[in-house]
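Here are my notes for someone opening this one for the first time. Have a look around before reading on.

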Amino acid sequence: MARGPKKHLKRLAAPSSWMLDKLSGTYAPRPSPGPHRLRESLPITVFLKNRLKYALSGREVTTITAQRLIKVDGKVRTDTTYPTGFQDVVSIDKSGEHFRILYDVKGRFVIHRITPEEAKYKLLKVKRYSIGRGGVPNIVTHDGRTIRFPDPLIRVNDTVKFDLETGKITDHIKFDTGNLVMITGGRNMGRAGVIVHRERHIGDFDIVHIKDVLDRTFATRITNVFVIGEGSKPWISLPRGKGTKLTIAEERDQRRKAKTAE
């Protein structure tokens, strides 16, 4: 009989989006409870050790974080298993580097290097809208933030531009046909495209139809759709490939072309 929260995570049970190898031990770092769910997060340990290769061991990760060198969304985080997630900005002031956590078209976390100007804000998806105590309106975002007194036009599924320094909303994008989105779950994870149509299903998930740059259409649940730009212009810089999924044959041709160019 289980008593209390689980404290371990077997390596084989770790999310495939972390891209951990099988044979480097029995366990993987279990993310601490935080703003992102376990299977939708990337712990700081994996970020520093497996992605940036700034640490060779868990002890080195602890040494780096204990020096208060790592900031997530502008706040120092010393917990080695703190969960970073989609749209989070990770900054290392000592080296002057800034990264945004995004997905590639194969559903894996990608560490996207960004400019100091872009590191000042992040995009948040509105998950819930409610009227709180004293008649105060507030929204809850995908990373667990509760923001009071938002713009009255903001509704569920819209995206807000959040200033990390002031902690205030500076702008917002409506969830509407013709806007650019990125998929954050399901088979099409990491793909980007423009909303073509929204199917409403009463009592069930709404289905959104999306068209990418290559005019390929696909559909997913509305819960997986994250608006990232007005029209076809994104509000954040996108990783290599710009969220366009290629077939296996197209990927092969691209590799051959790159090899011959060398």
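The points below go from the whole chain down to single residues.

1. First, a word on what you're looking at: this is a predicted model. The protein has three helices and 18 strands, so expect to spend a good part of your time among strands, and the helices are brought in where they come up.2. How does the overall size compare with a compact globule? For 262 residues, the radius of gyration expected of such a globule is near 18 Å, and the protein's value of 19 Å agrees with that. Measured out along the principal axes, the C-alpha atoms fill a box of roughly 60 × 50 × 45 Å.

3. On covering and contacts, 44% of the 262 residues are buried. If you take contacts between residues at least 6 apart in sequence, 47% of them join residues at least 24 apart. The accessible surface comes to about 15200 Å², and carbon and sulfur atoms account for 51% of that.

4. The charges deserve a quick look too. There are 50 positive side chains and 28 negative ones. The centres of the two sets lie 7 Å apart.

5. Now for helix 1, which spans residues 44-51. This helix is mostly covered, with six of its eight residues buried. The buried ones are Ile 44, Thr 45, Val 46, Phe 47, Leu 48 and Arg 51. After the helix comes Lys 53, which has a positive phi, near 60°.

6. Helix 2 (residues 58-66) holds Arg 59, and Val 61 is found there as well. Which of them is buried and which is exposed? Arg 59 has a relative accessible area of 71%, which makes it exposed, whereas Val 61, at 1%, counts as buried.

7. Staying with Val 61, look at what it touches. Setting aside residues up to four places away in sequence, its contacts are Thr 45, Leu 48, Lys 49, Ala 55 and Thr 80. Two of these names, Thr 45 and Leu 48, appeared above as buried residues of helix 1. For a sense of distance, the C-alpha atoms of Val 61 and Gly 34 are 19 Å apart, with their places 27 residues apart in sequence. Arg 59 and Val 227 are 168 residues apart along the chain, and their C-alpha atoms are separated by 39 Å.

8. Glu 97 is worth a stop. It lies in strand 6 (residues 97-103). Is this acidic side chain's residue buried or exposed? At 13% relative accessibility, Glu 97 falls under the 20% cut-off and therefore counts as buried. Its side chain makes a polar contact of 2.8 Å with that of Ser 95, and another of 2.5 Å with that of Arg 113. Arg 113 also turns up in the list of residues in contact with Glu 97 beyond four places in sequence, along with Tyr 54, Val 90, Ser 91 and Ile 92.

9. Further along, Ile 207 sits in strand 15 (residues 207-211). With a relative accessible area of 22%, it is partly exposed. Its contacts, again leaving out residues up to four places away, are His 197, Arg 198, Glu 199, His 201, Ala 219, Thr 220 and Arg 221. One of these, Ala 219, is 12 residues away along the chain, with a C-alpha separation of 6.6 Å from Ile 207.

10. What about the loops? Asn 179 lies in the one between strand 12 (168-173) and strand 13 (180-183). Despite the loop setting, Asn 179 is buried, with a relative accessible area of 10%. Beyond its neighbours up to four places away, it touches Ile 173, Lys 174, Gly 193, Val 194, Ile 195, Val 227, Gly 229, Glu 230 and Gly 231.

11. Two other loop residues may catch your eye for their backbone angles. Phe 149, in the loop between strand 10 (146-148) and strand 11 (159-163), has a phi near 50°, a positive value in a residue other than glycine. Phe 149 counts as exposed, at 54% relative accessibility. Asp 215, in the loop between strand 15 and strand 16 (217-221), has a positive phi as well, near 65°. Asp 215 is exposed too, with a relative accessible area of 56%.

How values were computed. Residues numbered from 1 in each chain as written. Predicted model: local features only at pLDDT ≥ 70, side-chain atom pairs only at ≥ 80, totals over all residues. Heavy atoms only, no water. Helix = DSSP H or I, 4+ residues; strand = E, 2+ residues; numbered from the N terminus. Rg over C-alpha atoms; globule rule 2.2 N^0.38 Å. Buried < 20%, exposed > 50% of the residue type's maximum accessible area, 1.4 Å probe, protein only. Contact = heavy atoms within 4.5 Å. Areas by Shrake-Rupley, 256 points an atom, 1.4 Å probe, with all protein chains shown as cover. Lys, Arg positive; Asp, Glu negative; His and termini not counted. Charge placed at Lys NZ, Arg CZ, Asp CG, Glu CD. Polar contact = N/O pair within 3.5 Å; in protein donor to acceptor, adjacent residues only side chain to side chain.
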